[in-house]
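Hi,

Here is the structure I promised to pass on. Have a look at it first, and then read my notes underneath.

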Amino acid sequence: MNQNLPTIDPEICTGCGACLSICPDRILAADTLGKALVNGDSCMQCGHCYAVCPVEAVSVPFLDQPEDLGSVKIESKGRPAEPLSPFGLLELMRQRRSCRLYLEETVDRVVLDDLVRAAVTAPSGTNSQGWKFIILPAREQVIKLGEVTADFYRRLNRKASSLALRSLLRLTGNNALQTYYENYFETVKKALDEWDSAGKDRLFHGAPAAIVVAADRASSCPGEDALLASQNILLMAEALGLGSCLIGYVVEAARRDASINRLLGLDKRYRVYSVIALGQPAVKFMRPAGRKPLKPEIVNTV
Ligand SMILES: Cc1cc2nc3c(=O)[nH]c(=O)nc-3n(C[C@H](O)[C@H](O)[C@H](O)COP(=O)(O)O)c2cc1C
């Protein structure tokens with residue numbers, strides 16, 4: 001029996017056809033009695049057949065069952081859980097702000113695991129789920145990642161400070177170093193100076209924990225998958241009372257410097273798409289700050 005395919009118990013199946021109509025890979029059919037059977041092997045393992053079956057005739061042994069959160073006691077086990085009201089969801093989204101002030105308190109490992117549980121409920125291209133989460137549960141590990149990142153930016157700033165090199169690269173049509181010089185050089189220099197002279201952490205903002213989200217480059221949409229999972233982490237962190245902040249500077253460094261992947265134990269197959277600082281917030285936002293005015297464009301001609 002192919003362990004990567006769903007199985008259907010003909011004794012239980014009532015032949016309602018729900019699984020047949022929902023299967024995105026069209027690998028389910030009805031036998032002569034109208035009961036469902038598997039007649040293909042190109043299954044993307046989405047588990048929709050299992051989820052839709054009213055009598056639990058479908059088994060998907062290749063999928064883990066969703067687990068409860070480790071950090072939050074669920075009083076009533078009645079399923080399905082109450083969905084968040086649209087207002088509640090919007091409030092959660094609005095209240096999530098980037099946190100740049102953290103308490104020293106460590107974040108429970110159970111909570112960090114819960115964030116990953118929330119992450120993997122995200123959709124992924126062709127259900128590839130090619131993401132990888134690296135948890136940095138201790139401040140020392142966050143600092144180590146910060147130091148390797150700082151080394152990268154020290155080297156980059158050394159290069160960028162050379163007018164000759166910037167000019168030479170521009171002559172060859174490569175403006176990247178000049179653009180970096182104009183937009184980031186001073187900020188990075190100041191941050192490095194503050195780190196070296198006063199131990200001020202302008203990169204991770206003193207966060208006691210972090211999660212790195214990487215994805216398998218061979219997945220169909222690794223970037224999208226990783227970022228959708230990252231947004232889940234940000235929202236779940238907010239729901240659990242944690243502060244969070246995406247740290248794009250590390251992502252950029254990881255893209256150009258293999259020593260970050262090495263530090264994280266990631267082989268070349270994986271690319272880092274987001275790094276999320278986490279911790280108990282040392283600041284409470286009293287209200288959301290709003291966004292720049294924006295009107296969506298409506299297409300009214302086809
Ligand atoms: C891709 C990305 C990278 C980011 N990188 C950083 C970063 O390196 N450091 C930082 O303090 N904030 C970073 N942020 C946070 C943004 O500055 C923040 O989301 C934005 O100012 C809006 O504020 P809000 O998150 O509080 O709504 C990043 C955000 C995104 C989406």
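Below is what turned up, starting with the overall layout and then moving to the ligand and the cavities.

One thing to keep in mind: this is a predicted model. The chain splits into domain 1 (7-59) and domain 2 (87-285), and their C-alpha centres sit 42 Å apart.

Now the ligand. The residues around it are Arg-96, Arg-97, Ser-98, Arg-100, His-205, Cys-245, Leu-246, Ile-247, Gly-248, Tyr-249 and Arg-291. By type, that shell comes out as 4 nonpolar, 3 polar and 4 charged. Three side chains there have a polar atom close to a ligand oxygen: Ser-98 at 2.6 Å, Arg-100 at 2.7 Å and Arg-97 at 3.1 Å. On its own the ligand would expose 620 Å², and the protein buries 58% of that. Strand 7 (243-246) and helix 10 (248-256) are the elements that each supply two or more residues to the shell.

I also looked for enclosed space, and the whole structure has 2 cavities of 30 Å³ or more. The largest holds about 100 Å³. Its lining has 15 residues, with Pro-6, Cys-23, Cys-43, Cys-46 and Cys-49 nearest the centre, and it divides into 11 nonpolar, 3 polar and 1 charged.

The second largest cavity has a volume of about 80 Å³. Here 14 residues form the lining, and Cys-13, Cys-16, Cys-19, Cys-53 and Pro-54 are the closest to the centre. This lining has 12 nonpolar residues, 2 polar and no charged ones.

Cheers

Key. Residues numbered from 1 in each chain as written. Predicted model: local features only at pLDDT ≥ 70, side-chain atom pairs only at ≥ 80, totals over all residues. Heavy atoms only, no water. Domains from an automatic or database assignment. Near = heavy atom within 4 Å. Polar contact = N/O pair within 3.5 Å; in protein donor to acceptor, adjacent residues only side chain to side chain. Areas by Shrake-Rupley, 256 points an atom, 1.4 Å probe, with all protein chains shown as cover. Helix = DSSP H or I, 4+ residues; strand = E, 2+ residues; numbered from the N terminus. Nonpolar A, V, L, I, M, F, W, Y, C, P; charged D, E, K, R; others polar. 1 Å grid on protein atoms, 1.4 Å probe; cavity = no way out; pocket = protein on both sides within 12 Å on 5 of 7 lines; lining within 4 Å. Points joined across faces, edges and corners; volume = space filled by probe spheres on them.
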